Amino acid sequence: MPKAALRRAHPVAVRLAVGCVTLVLTAGCVTSSAGEKAAPPPKPLAPCAWWYGIGQPPTARELELAAKRYDVVVLNADQGAAMRKLRELNPRIKVLVYKDLSSTRNYAGAVTGGEDAEFLPSGIGYVAAQRTHPEWFATDTRGRRIEWQGYPKHWQMTVWDPAYQKAWVDAVVAEVTREGWDGILADNDFNSLSHYSAALLAGTTTAAETDRKLRDGLDAFLSLIGEAVQKAGKLFVPNVSETHLVPGRWTAHSRFGGAMEENFGFREDGGTGGLLTFRGNEFQELRAQAALGESLLLLVTRTRSAQQARAGYASAALLAGPRTCWTPATTDDYRDPEWSALQDSGLGEAVDAAGRQPNGVWTRTFTNGWVAVNPTAATQTVTPPEGLVVVGPRTAVTSPTKASSTAPPSSPAPPAPISLAAADAVVMVEPGEG
């Protein structure tokens with residue numbers, strides 16, 4: 001879309017009385033009653049890139065690339081030196097430390113020589129809990145500790161226990177402050193124990209009761225952590241799961257610095273349906289958070305094909321605000337830094353909010369381009385603006401009457417409608433962008 005398409009809003013002034021200071025907010029800046037100008041609000045740019053770097057220690061070369069590519073990086077707690085190197089290379093980068101909310105671990109590295117490691121992937125060490133607070137290990141209805149299936153030596157903890165919560169908060173906030181991390185990426189703010197175990201928690205008789213006990217505990221836990229982390233001047237970003245099932249959960253759990261969605265752009269029905277992210281309340285809550293621009297949206301799309309990458313990136317672009325970041329994930333263990341050519345597409349700044357067409361397709365215009373996402377389970381038609389070229393292979397975009405999969409990657413987009421397959425997307429930019 002030509003740069004001239006950027007819409008200019010008329011300045012709107014609003015007076016806010018804050019204590020004894022009156023601020024005047026305009027569309028372009030924040031001005032105090034004394035006439036001092038603050039920085040303009042951040043712009044809703046195309047999604048920034050981030051790195052969930054928890055797979056293995058980063059190399060020097062990876063850190064150099066990360067400093068150039070990413071706005072946010074998450075590292076394991078034993079990678080303090082890497083965090084400080086990233087800061088040296090890029091003072092603006094945000095580096096969060098990985099901590100698990102719901103488990104303690106006794107695999108090699110978390111426990112060394114019979115003692116907890118100095119820097120833990122969890123908040124509470126396995127050895128410390130075993131020696132002083134064995135009651136913090138969650139048990140099933142037969143009194144057995146619960147080891148996560150598929151994750152050996154990960155043990156479910158009593159996230160609903162106020163004593164466990166306080167000990168976790170005290171330990172993690174002290175470490176984050178001492179070591180100089182920008183904040184915490186808190187894993188396993190989950191909705192159901194069934195993803196890790198079929199066990200029922202002691203004191204419950206059904207899976208629904210078990211899950212409710214976990215969710216209620218995590219709700220209280222998140223509030224305690226968030227308040228403490230905010231007081232320390234740090235960010236708190238939980239990896240919150242399945243928020244489409246519980247209206248308001250994303251909003252509540254992202255209020256202390258943001259949240260992570262690890263299954264963004266996930267396709268329903270075993271890969272044959274529409275995009276799960278757009279179901280129910282979740283997409284609307286993500287849109288509201290992104291528009292405010294006050295907290296991080298860290299989005300991960302599992303990408304085993306070009307179609308999945310397009311759907312993930314373009315869906316993130318629909319949400320793009322000042323702090324919306326996206327990454328593909330080509331492996332399940334986050335072993336290497338991830339990057340997609342889509343992140344170099346050069347969309348620019350969003351000039352409107354995402355809009356939904358009657359057939360279910362969502363579109364959004366940027367200063368240098370346009371995206372369309374078909375989250376439905378059927379092929380749909382949409383008309384792109386003229387004068388744009390497709391980013392990447394044309395296989396996702398076909399004419400309603402004639403296939404165009406053989407067209408060169410940067411051929412001009414036709415002014416006629418195009419077809420988008422189910423759960424697919426297209427990213428288009430001005431010639432020369434990207």
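**Helix H7 and a five-stranded antiparallel sheet**

In this predicted model, Trp 362 of strand S17 is the bridge partner of Arg 356. The two strands involved, S16 and S17, pair in the antiparallel sense over two bridges. Their pairing belongs to an open sheet of five strands, arranged in the order S16-S17-S18-S23-S20 with antiparallel pairing. Strand S16 (355–356) and strand S20 (389–390) are the edge strands, each pairing on one side only.

A helix accompanies this sheet. Helix H8 (306–319) lies across S17, strand S18 (369–374) and strand S23 (424–429), and runs at about 65 degrees to S23.

Strand S17 also brings helix H7 into the picture, for S17 (362–366) is among the elements against which the buried residues of H7 pack. In helix H7 (residues 282–292), the buried residues are Glu 282, Phe 283, Glu 285, Leu 286, Gln 289 and Ala 290. These residues lie on the same side of H7, because they cover an arc of only 160 degrees around the axis. An α-helix has 3.6 residues a turn, so residues three or four places apart point the same way.

Besides S17, the packing partners of the buried H7 residues are helix H6 (249–253), strand S13 (258–261), strand S14 (296–302), helix H8 and strand S15 (324–329). H8 thus appears twice in this account: as a partner of the buried H7 residues and as the helix lying across S17, S18 and S23.

The face of H7 turned away from its buried side carries Ala 291 and Leu 292, both exposed. Directly after the helix comes Gly 293, with a positive phi near 70 degrees.

Conventions:
Residues are numbered from 1 along each chain as its sequence is written. This is a predicted model: local features need pLDDT of at least 70, side-chain atom pairs count only at pLDDT 80 or more; totals for chains, interfaces and linings use all residues. Side-chain values use heavy atoms; hydrogens and water are left out. Buried means under 20% relative accessible area, exposed over 50%, partly exposed in between (1.4 Å probe, protein chains only). Helices (H or I, at least four residues) and strands (E, at least two) are DSSP runs, numbered from the N terminus. The arc is that of the directions from the helix axis to the C-beta atoms. Contact means heavy atoms within 4.5 Å. Two strands pair if DSSP finds at least two bridges between them. Axes are lines fitted to C-alpha atoms, for helices over the stretch in contact, and angles run from 0 to 180 degrees between N-to-C directions.
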